[in-house]
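Student: I should like to learn how the descriptive terms for a protein model are justified. May we work through some of them together?

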Amino acid sequence: MLGNFTYCNPTKLYFGENALNSLSAELDKYGKNVVLIYGGGSIKKNGIYDEVTAILKNCGKNIAEISGIMPNPTLAKLLEGIEIARSHNADLLLAVGGGSVCDYAKVVSVSVNCDDDPWDKYYIRFEEPECDIAPVGCVLTMVGTGSEMNAGSVITNQDAKQKIGHVFADESIMPRFSILNPKFTMTLPHYQMVAGIYDIFNHICEQYFSGEDDNTSDYISEGLMKSVIASSRIANKDMQNYEARNNIMWTATWALNTLVSRGKTTDWMVHMLGQAVGGYVNATHGMTLSAVFLPYYRHIMPCAVEKFRRFAVNVWGVNPSGKNDVAVAEEGLNAMESRMKELGLVMNLTDLDVQEDMIEHIADVTIILKSGYKPLDRKEIIEIFRESL
Ligand code: NZQ
Ligand code: ZN
């Protein structure tokens, strides 16, 4: 395994159907002023809001709320939340929701004591905070992003039609604690559940498809991918299957909590393509990835046949005997394509309302990373978007 690295992940996890019982002990560690952050109302419908607020009140907390965090949270919404957190002198930001809510809480946490414009500072100049950071806790209700145990935060600037993520280097920006109860995810609509499942799978791929050394992270990744494949088939047929949903929740956290990226160069180009689309048409994150993934991987496969062959054999169980390496690699991607269709994922950008005449503009805002098997140029990006239509 190559590379020098540091590994530190300070997020404390409470997992399982009784996980919320641990919230009060965590709340005791922080001051009185809690800002409760949540989305568009799912937690009010499924009762999680009532459970959490009852615990906050029992602990004697002084609660302010930032509600209505939308999927793909916007800069305008961020500016509104920073003001609320400031005027409440927040001692803790408690995010109750999915990746959007958790990401939002993290960027509020690094902006509440900072006078700079958060978009310019964190998403254009990619600076690290120099100010005091308000601690974040998370009660997760949607599975996929790994935001519950990482320092990533993705924000959309609607005026610029740009969606950009910043993975902060400072691990104190990771949630101090996260409460993971798979039952809280049971009310997710099928569309969101499968989008999250694909997000998990793609996070693992983005790290796996890089480097040529023999790397422990790749073996862990193969195990995680096999778990997602097995559990997603069960959950797709029976959304209330607790064991499958439990495995999916746990796998999501490990797919993007900094573990399997250790010693890897990583790629992340599928996310750059998907984010550019998401910033333009405001689509569900996982579906923006599923729509571009196959054209991208079919495009880069000739530059990494050996790794794609390994993926086919070790992850998809392709029998390599009597076949050349490219044929085995292609069979793996074909197996993946049919499983994605079985899950009901979006396989074309047209289904996300992307039109041919938008492609040049989307390509203009696509961030090009160079660490994958084949660094792309603008022409190739346009080609991949066209193939994804
Ligand atoms: O807003 P509410 O009403 O709560 O509804 C949400 C939302 O509409 C709903 N939902 C969540 N939990 C539910 C539920 N509905 C019923 N029952 C529940 N238990 O699901 C919808 C989607 O929620 P959202 O939080 O947007 O989904 P997700 O977790 O996929 O987060 C997406 C955001 O995370 C970013 C994405 O770019 C996107 O902005 N990402 C963050 C990453 C990170 N921090 O490392 C990495 C990812 O690659 C990703 O980029
Ligand atoms: Zn993702």
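Tutor: In this predicted model, the buried residues of helix 10 pack against strand 6 (152-157), strand 7 (162-167), helix 7, helix 11, helix 14 (359-364) and helix 15 (378-388).

Student: What makes helix 10 mostly covered?

Tutor: A residue counts as buried when its relative accessible area is under 20%. In helix 10, 12 of the 13 residues are buried. Among them are M269, V270, H271, M272 and L273.

Student: How do you know that the reach of helix 10 is close to the expected one?

Tutor: The expected span is 1.5 Å times one less than the number of residues. For the 13 residues of helix 10 the expected value is 18 Å, and the helix reaches 19 Å from its first C-alpha to its last. After helix 10 comes N282, with a positive phi near 55°.

Student: Why is helix 10 called oblique to helix 11?

Tutor: Helix 10 (residues 269-281) and helix 11 (residues 285-300) pack at an angle of about 130°, and their axes are 8 Å apart. Angles of 65 to 115 degrees count as roughly perpendicular and those over 145 as roughly antiparallel. The angle of about 130° falls in neither class, and therefore helix 10 is oblique to helix 11. Their crossing is right-handed.

Student: Which residues of helix 10 and helix 11 meet?

Tutor: From helix 10 come M269, V270, H271, L273, G274, V277 and G278; from helix 11 come H285, T288, L289, V292, F293, Y296 and Y297. Sorted by class, this contact has 9 nonpolar, 5 polar and no charged residues. Gly counts as polar in this scheme.

Student: How do helix 7 and helix 9 pack?

Tutor: Helix 7 (residues 190-208) and helix 9 (residues 242-255) pack at about 40°, with axes 9 Å apart. The contact involves M193, I197, I200, H203, I204 and Q207 of helix 7, together with R245, I248, T251, A252 and A255 of helix 9. By class there are 7 nonpolar, 3 polar and 1 charged residues in this contact. The crossing of helix 7 and helix 9 is left-handed.

Student: Why does I234 count as partly exposed?

Tutor: Buried means under 20% and exposed means over 50%. The relative accessibility of I234 is 40%, so I234 counts as partly exposed. This residue lies in helix 8 (residues 216-237). Leaving aside residues up to four places away in sequence, I234 touches N241 and A244.

How values were computed
Residues numbered from 1 in each chain as written. Chains lettered and ligands numbered in written order. Predicted model: local features only at pLDDT ≥ 70, side-chain atom pairs only at ≥ 80, totals over all residues. Heavy atoms only, no water. Axes fitted to C-alpha atoms, helices over the stretch in contact; angles between N-to-C directions. Helix = DSSP H or I, 4+ residues; strand = E, 2+ residues; numbered from the N terminus. Parallel < 35°, antiparallel > 145°, perpendicular 65-115°, else oblique. Left-handed = near helix turned anticlockwise from the far one by under 90°. Contact = heavy atoms within 4.5 Å. Buried < 20%, exposed > 50% of the residue type's maximum accessible area, 1.4 Å probe, protein only.
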